[in-house]
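Hi,

Here is the structure I said I would pass on. Have a look at it, and then read my notes underneath.

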2 protein chains.
Amino acid sequence: MQSDCKQCPFNSKAAATLSDCSFEQLSENHLVLSFKKGDSIIKQGMYSTNVVFLRTGLAKIHLQGPYHEQIVRVVKSPTYLGLPTTFGDKINQYSVTAITEAEVCFIDVHVFQKILNENREFSNEIIIELCQNELESFHRCANRTQKLIRGNMADALLEFADKIFISDTFTIPLSQAELANLVDTSRESVSRVLTEFDKDGIIKMTGKKIEILNKKSLKMISQNG
Amino acid sequence: MQSDCKQCPFNSKAAATLSDCSFEQLSENHLVLSFKKGDSIIKQGMYSTNVVFLRTGLAKIHLQGPYHEQIVRVVKSPTYLGLPTTFGDKINQYSVTAITEAEVCFIDVHVFQKILNENREFSNEIIIELCQNELESFHRCANRTQKLIRGNMADALLEFADKIFISDTFTIPLSQAELANLVDTSRESVSRVLTEFDKDGIIKMTGKKIEILNKKSLKMISQNG
DNA sequence: AAGCCTTTGTGATGTGCATCACATTATATA
DNA sequence: TATATAATGTGATGCACATCACAAAGGCTT
């Protein structure tokens with residue numbers, strides 16, 4: 001399925017700088033697919049020659065660690081995915097899986113490269129995004145390894161509220177086992193910490209729904225133990 | 001101090017694609033400085049409008065974590081540093097410190113940006129490098145958090161041997177306290193593990209010099225506990 | 001609604017490693 | 001050469017968290 005990229009409401013900031021000609025190339029050389037929760041969008045170890053643009057929905061970036069699956073981060077549309085594969089050896093070094101319904105554009109590498117070369121602003125935006133990712137990785141990694149579980153769980157909840165859902169009430173589209181892989185703990189610890197937070201009146205859990213009642217406390221926990 | 005960049009023997013793969021004109025711009029708009037071990041090249045929190053090219057020597061990329069300093073990784077010349085600062089808010093988000101004698105070129109951002117825009121190959125190379133960094137970060141982070149100390153120490157030693165010094169005998173230009181910040185442990189654990197490895201005949205320590213005697217064992221330890 | 005599989009809650013137990021504490025050895029400085 | 005300072009080695013202790021082991025509850029499927 002093709003579509004007119006210029007009309008796409010999820011046109012990224014980077015894409016906004018493209019020439020009409022480039023838009024046309026994009027429109028004619030991409031594929032839009034729909035994914036259901038749990039569907040694999042990018043699979044670690046597989047060959048691929050597409051750049052992926054997550055148009056709508058949420059996804060998890062994850063990879064096989066030495067002992068268990070590791071969720072690197074949760075991403076929100078609109079965003080590009082799989083750039084390292086595209087510019088590397090074409091073998092996906094990580095997986096991306098939809099954690100909500102999602103629409104995804106697959107763009108052929110050669111087209112993407114061509115557009116990149118013909119649009120300076122666009123390639124600058126891509127570089128900027130990659131740099132931001134690098135910084136985020138650094139800080140995320142330092143935090144995860146230095147903080148205790150309660151701190152990391154607090155961070156995760158705050159990120160869902162402030163970055164992903166932009167709301168203090170949300171339903172995390174991950175099981176506790178997945179949360180554990182995101183926060184670097186065991187499933188059991190996730191359960192324990194969440195019920196602790198609930199008992200302390202910091203959050204309110206109703207089924208899988210979470211409401212943050214006391215953001216200040218969460219931030220305190222994030223900073224101390 | 002200026003110099004002719006085209007003659008620079010540490011001309012990166014990326015730079016090799018530059019036009020003569022760009023080389024001239026580079027030559028006229030950069031500064032070469034020498035650093036001694038321990039000197040700060042980039043300082044977290046400081047304003048900066050320079051891209052840094054590490055021409056010779058080794059450096060550590062490090063940042064302030066929530067509880068203690070964290071060494072993100074050790075880098076080897078030739079390599080660019082501080083790109084995220086350049087393309088971000090111009091405030092350094094991490095520090096870089098020389099861990100051996102080092103020569104460094106400071107290139108003005110505007111010149112660098114201009115060269116980037118005028119040389120597609122060059123900007124492609126930069127994108128590729130950033131993508132590789134991202135992948136490396138992912139894997140490094142997954143390993144560090146999942147493996148036990150012995151495994152992480154083994155990885156560190158293997159990296160020094162295979163990636164940094166390209167030799168099984170080397171002197172790590174870091175104190176054990178710094179190694180601890182690199183490997184996510186305590187100084188004491190670093191000491192204990194190293195003496196363990198030495199007693200087991202896996203490495204031979206002579207002062208600060210380390211000789212890897214049994215690389216197979218190190219790889220085993222890296223994979224298991 | 002019955003049965004099955006997945007997800008979640010919670011106690012009991014064990015352990016890897018941080019932390020503390022101090023001895024010992026290198027390195028720098030006067 | 002003496003003296004302060006930093007870097008290392010090594011034991012003893014404690015604790016955060018993984019792991020194990022079930023029970024309970026939700027969500028499927030037929």
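Below is what I found in it, starting with how the protein chains meet, then the DNA, then some salt bridges. One thing to keep in mind throughout: this is a predicted model.

**Where chain A and chain B meet**

The contact draws 43 residues from chain A and 43 residues from chain B. Together the two chains bury about 3900 Å², and 65% of that is on carbon and sulfur atoms. On the chain B side, three residues stand out: B:Tyr67, B:Phe138 and B:Gln146 supply 18% of the area that chain B buries against chain A, more than any other three residues.

What kind of polar pairing is there across this interface? There are 16 residue pairs in polar contact, counting pairs with both residues at pLDDT 80 or more. The count of salt bridges between chain B and chain A, on the other hand, is zero.

If you want to find the chain B side in the viewer, look for the elements that give two or more residues to it: strand S4 (58-64), strand S5 (69-76), helix H2 (83-87), helix H3 (109-118) and helix H4 (120-146) of chain B. H4(B) gives the most, with 19 residues. By class, the side of chain B that touches chain A has 19 nonpolar, 18 polar and six charged residues.

**DNA strand C**

Around DNA strand C there are 16 residues, and the closest are A:Gln176, A:Arg187, A:Ser191, B:Thr185 and B:Ser189. H7 of chain A and H7 of chain B each supply at least two residues of the surface near this strand. Which helix gives the largest share of the surface near DNA strand C? That is H7(A), with five residues.

Of the atoms of DNA strand C within 4 Å of the protein, 50% belong to sugar or phosphate, and the rest belong to bases. Here are some contacts to look at:

- The side chain of A:Gln176 has a polar atom 2.6 Å from a phosphate oxygen of DNA strand C.
- The side chain of A:Ser191 places an N or O atom 2.8 Å from a phosphate oxygen of DNA strand C.
- The side chain of B:Glu188 has an N or O atom 3.4 Å from a base nitrogen of DNA strand C.

By class, the surface near DNA strand C divides into two nonpolar, seven polar and seven charged residues.

**DNA strand D**

DNA strand D is surrounded by 16 residues, with A:Ile149, A:Ser189, B:Gln176, B:Arg187 and B:Ser191 the closest. For the surface near DNA strand D, H7(B) gives the most, with five residues. Its residues come to two nonpolar, seven polar and seven charged.

Sugar or phosphate accounts for 49% of the atoms of DNA strand D within 4 Å of the protein, and bases make up the rest. A backbone N or O atom of A:Ile149 sits 2.9 Å from a phosphate oxygen of DNA strand D. Two arginines reach bases: a polar side-chain atom of A:Arg192 lies 3.1 Å from a base oxygen, and an N or O atom in the side chain of B:Arg192 is 3.1 Å from a base nitrogen.

**Salt bridges in chain A**

Over all chains the count comes to 22 salt bridges. In general, side chains of opposite charge can pair when their charged atoms come close.

Start with A:Arg140, which counts as buried because its relative accessibility of 18% is under 20%. The side chain of A:Arg140 makes a salt bridge with A:Glu136 (2.8 Å, N to O). These two are four residues apart in helix H4 (residues 120-146) of chain A, so about one helical turn separates them. A:Glu136 is partly exposed, at 37%.

A:Arg140 also meets A:Glu159 in a salt bridge (3.6 Å, N to O). A:Glu159 lies in helix H5 (residues 149-164) and A:Arg140 in helix H4 of chain A, so this pair ties together parts that are 19 residues apart in sequence. A:Glu159 is partly exposed, at 25% relative accessibility.

Where does A:Glu196 find its partner? Its side chain forms a salt bridge with that of A:Arg150 (2.3 Å, N to O). A:Glu196 is in helix H7 (residues 187-199) and A:Arg150 in helix H5 of chain A, so the pair ties together parts 46 residues apart in sequence. Both are partly exposed, A:Glu196 at 32% and A:Arg150 at 24%. Back at the earlier pairs, shared partners join A:Glu136, A:Arg140 and A:Glu159 into one network of salt bridges.

Cheers

Conventions
Residues numbered from 1 in each chain as written. Chains lettered and ligands numbered in written order. Predicted model: local features only at pLDDT ≥ 70, side-chain atom pairs only at ≥ 80, totals over all residues. Heavy atoms only, no water. Salt bridge = Lys/Arg side-chain N within 4 Å of Asp/Glu carboxyl O. Buried < 20%, exposed > 50% of the residue type's maximum accessible area, 1.4 Å probe, protein only. Near = heavy atom within 4 Å. Polar contact = N/O pair within 3.5 Å; in protein donor to acceptor, adjacent residues only side chain to side chain. Nonpolar A, V, L, I, M, F, W, Y, C, P; charged D, E, K, R; others polar. Contact = heavy atoms within 4.5 Å. Buried area = accessible area lost by both parts, 1.4 Å probe.
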